[in-house]
Amino acid sequence: MNEKTPLIRLAKREDMKKSRIWLIRLAAFAAAILIGMIIFAIAGANPIKAYGTMIASSLGKKSGVRQVIKNAVPLLGVGLALAPCFRMRYWNIGGEGQITMGAMAASYFALFWYDKMPSALLLLIMAVAAMAFGALWAFIPAVFKARWGTNETLFTLMMNYIAIGIVAWLQGGPWEGKPGSQIIPMFDAKAVLPKVMGVHCGWILVLLLVGFMFVYMNYTKHGYEIAVLGESENTARYAGMNVRKVTVRTAMLSGAICGLVGYMVASGVNQTLYADVAGGVGFTAITVCWLSQLNPFAMIVISLLLAVLSKGASGLQTALSIPASISDIITGVILLCMLGCEFFINYKLIFRHKEAAGKEAA
Amino acid sequence: MAHAVELKNITKRFGHVVANDKVDLYVDNGVIMSLLGENGSGKTTLMNMLAGIYYPDEGQIFVNGKEVSIRSPKDAYENGIGMIHQHFKLIDVFTAAQNVALGIEDGKYDLKKVAAGVKEISDKYGFGIDPNKKIYEMSVSEKQTVEIIKVLYRGANILILDEPTAVLTPQETSKLFTILKAMREDGKAIILITHKLNEVMEVSDVVAVLRKGQHIRTVRTAETDPQQLTEMMVGRAVTLNIDRMDPVNPKPRLTVAGLTCTDSEGVSKLEDVGFIAYGGEILGIAGIAGSGQKELLEAIAGLRHISSGSIIYTPEGKNPQELVGKTPMEIKDAGVALAFVPEDRLGMGLVGGMGMTENMMLRTWNKGRGIFVNRKEPEKVAEQVYEFLEVVTPSIDYPVRKLSGGNVQKVLVGREIASSPSVLMSAYAVRGLDINTSYIIYNLMEGQKAKGVAVIFVGEDLDVLLQLADRILVLCDGKVSGIVDARTTTKEEVGLLMTQVGGAAGKGAK
């Protein structure tokens, strides 16, 4: 080899052992924590103390744990909703809009029908309405994609703003509570999801959804269709699958679950409706989905991790008066490291001097 | 005199796979060298290192006796090395001259100068290329010529052509060879990557044979013969013949009449195609790439919208039925199987990320009641194909994408045969396969014929079609230009039909 050999080259790796893959992921997480320490130090806080506070405020006491679960539920729910879409290579980034429309549909019954039926029936109707509207919001871009090949990424994204705009209009207009308040009134107690072990019962629902999604994606005909279509549309057609139908159906399922999450958040957490009901969950859930590589069980872990980080961040702000945005930076670093380490799982670097040394040894 | 280019001890690995193992090789000026080897023997990888696409793990490259380091295609050009890739890298809406001008960094963009240069090169070697013609108006062979001019314009002295004849008709091929010989007279060193023996014999001065990444030997073409080259390529003596038997009790199985198709943009893909495929017969389909072969098979399989025409299918001992209007699933269930191997091998008929079992499931996933898929049946079929065709895989659940090309194709063809079809359509079934595996597949087709199946075989290699098929249907521009008896026709006749609708009957009827 002469001196002009490139300093670093990339080479694709063959199959790596499972244990090593997990070791690399663990190392990436550790690296992220270390980088986080540096960031805390720059921000003028004691890194150890900062991490301690984050853990204490999120997992150290009961109220913290409840808050964590409350945050994790929508992340997990929407992560599950997106999984079949992503398996199909259908980039549904319209979770925000589907959540918002679901919340809106549920709120309609919560606000105007609460006195006409018993609580259980009301809650059921709210759930069904939320799923229907979430599905509708996903149906529109899906049908355009299936019929005319429009780009679902842009289309679902745009649908988000329309949904948020509609709720903002309701908030300031037809559904406004006190005139001029720009606020929709709180729901009647009958329209609020009951609590189980201190958290609204949505958590049971999403755990059931985990099992459902796992079976649906791996053992059913639908799941098989989705997997084949995701790999190749031509193969799907060849196998006699109805590509349009599968696309639209999967998108609607995704939208329905997003809508259901919207209902849980509006009824279980906020107990009212406002334009920011989705609050970025539709986007953060994309991260949940990818980090767990579309595995529903892994999504439980990832969504909890993200929820701990965000709760820990608010703890930092109150206890150490470190701005909560620092935690966003730490979250970003963790995600970067976790996603970045996949690169090292797939490729290895070859350095110039190492190679020369290797040759001498041989 | 120093060699035009010399490789010393070149090794390239991809993970655990050694693509090139300590290769020593040289070419002189004024020589055409064939680089011969089966698919996967490392021919293209080796040449890509000369072209600056890969960087060798070990070894040295000398150009005109001077050691060089080629880290990018630009380095390659600076050393006078130009490669013409299998897939053209041209911009359709640009003219020939504009394409040549692309990527040349000598200060200013002087199209007139480039056009004059292109004209000069074209005249010198007899290319006959108009510098101002747009690429999309050109034939495949003209596009290839533009690629050659592109590297010549940049002063390439060493030309590498990666399987240049794969896309050409026999007539275009002989024209290309005339050009290559003219360049040889001009003192250029030419390396021709190929696996076609007759081309090697026809055009090259020396042959370098690669096998499993190793350079086996370089011999003078005049001192060797195809049989010896094959043995060097495969590593042992092989008999290359197909036991073609006479059609067994042929009965019309598939009667196609007036079949016309257009694609979603309204471009006509098939026009008034008519033929009869008999049970117990192999009907070969020939034509230049993109003449409607794929569309024809897709139309029969129900995967394409048919504007007009009819496809009457007569299963053994049953009444004739019309296939037009049926769904792909119904057609499949009736006994018409399609094994199509696309250019990327996967992508139609197989799912790369899935194992053999799940790929077998593509045929049966919809069977049975309930919402769950049945894995037991496909698992059995996968076991059968695995054993019967000796598929090399760690397990039947190992992703087929990671299998070698031959094994991928065995999975695909094996699945279709396992469904015991009465019409078996196969397209490019041996695409990229080594010689031995190719013959396994040919013999599978032969075996289906013996069972009374109507086999429709779309092939790229005319020599094989002439040996394997009973009759050959030639497509040209979406129309049937002739149906000939494979036993009596010649390559030249088929070649002419490939470029002329009507062929001998109505010349110039295009």
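This report describes a predicted model of two chains, A and B, in terms of confidence, sheets, helix packing and the contact of the chains.

**Basis and confidence**

Residues are numbered from 1 along each chain as its sequence is written, and chains are lettered from A, and ligands numbered from 1, in the order in which they are written. Because the model is predicted, local features are given only at pLDDT of at least 70 and side-chain atom pairs count only at pLDDT 80 or more, while totals for chains, interfaces and linings use all residues.

The model has an ipTM of 0.80 and a pTM of 0.77. The pLDDT is the predictor's confidence in each residue, on a scale from 0 to 100. For chain A the mean pLDDT is 88, with 94% of its residues at 70 or more; chain B averages 86, with 96% of the residues scoring at least 70. In chain B, residues 503-510 have a pLDDT below 50, and this stretch has 11 contacts in the model beyond near neighbours in sequence. In chain A, pLDDT stays under 50 over residues 355-362, which have 3 contacts beyond four places in sequence. Two residues are in contact if their C-beta atoms, placed from the backbone, lie within 7 Å. Where pLDDT is low, the predicted coordinates should not be read in detail.

**Sheets of chain B**

Helices (H or I, at least four residues) and strands (E, at least two) are DSSP runs numbered from the N terminus, and two strands pair if DSSP finds at least two bridges between them.

An open sheet of 6 strands in chain B follows the order S16-S17-S18-S13-S19-S20, with mixed pairing. Strands S16 (336-340) and S20 (479-485) of chain B are at the edges with a single partner strand each, so one side of each lacks a neighbour in the sheet. From one strand to the next, the twist averages 20°. Angles here run from 0 to 180 degrees between N-to-C directions, and axes are lines fitted to C-alpha atoms, for helices over the stretch in contact. Within this sheet, Ile472(B) has Val484(B) as its bridge partner in S20(B). Helix H13 (residues 405-418) of chain B packs on the sheet by touching S16 and S17 (423-427) of chain B, and its direction makes about 175° with that of S16(B). Helix H16 (residues 491-499) of chain B lies across S13 (281-286), S19 and S20 of chain B, at about 30° to S19(B).

A second open sheet in chain B has 4 strands in the order S12-S11-S14-S15, with antiparallel pairing. Its edge strands are S12 (268-279) and S15 (321-322) of chain B, each of which pairs on one side only. Helix H9 (residues 293-300) of chain B packs on this sheet, touching S11, S12 and S14 of chain B, with its direction at about 65° to that of S12(B). Between S11(B) and S14(B), Val256(B) has Ile311(B) as its bridge partner in S14(B).

Four strand pairs of chain B are set out below.

| Strand pair | Sense | Bridges |
|---|---|---|
| S11(B) (residues 251-262) and S14(B) (residues 308-313) | antiparallel | 5 bridges |
| S19(B) (residues 471-476) and S20(B) | antiparallel | 6 bridges |
| S3(B) (residues 31-36) and S9(B) (residues 206-211) | parallel | 4 bridges |
| S9(B) and S10(B) (residues 214-220) | antiparallel | 6 bridges |

Strand S9(B) thus appears in two of the pairs. Ser34(B) stands opposite Val207(B) in S9(B), and Val209(B) stands opposite Arg217(B) in S10(B). The hairpin of S9(B) and S10(B) has 2 residues between the strands, and Lys212(B) in this hairpin takes a positive phi near 50°.

**Chain A**

The domain assignment, which comes from an automatic or database source, divides chain A into domain 1 (27-45 + 322-337) and domain 2 (64-308). The centres of these two domains of chain A, taken over C-alpha atoms, are separated by 30 Å.

The axes of helices H8 (residues 221-231) and H10 (residues 243-270) of chain A come within 10 Å and cross at roughly 110°. H8(A) is therefore roughly perpendicular to H10(A), a term that covers 65 to 115 degrees. Glu225(A), Ile226(A) and Leu229(A) of H8(A) make the contact with Val243(A), Val246(A) and Thr250(A) of H10(A). These residues divide into 4 nonpolar, 1 polar and 1 charged. Ala, Val, Leu, Ile, Met, Phe, Trp, Tyr, Cys and Pro count as nonpolar, Asp, Glu, Lys and Arg as charged, and the others, Gly among them, as polar.

**Contact of the chains**

The contact takes 26 residues from chain B and 21 residues from chain A. On the side of chain B that touches chain A, helices H10 (328-334) and H11 (356-364) of chain B each supply at least two residues. H10(B) gives the most to this side, with 3 residues. The residues of this side of chain B comprise 14 nonpolar, 9 polar and 3 charged.

Note on methods. Angles under 35 degrees count as roughly parallel, over 145 as roughly antiparallel, 65 to 115 as roughly perpendicular and the rest as oblique.
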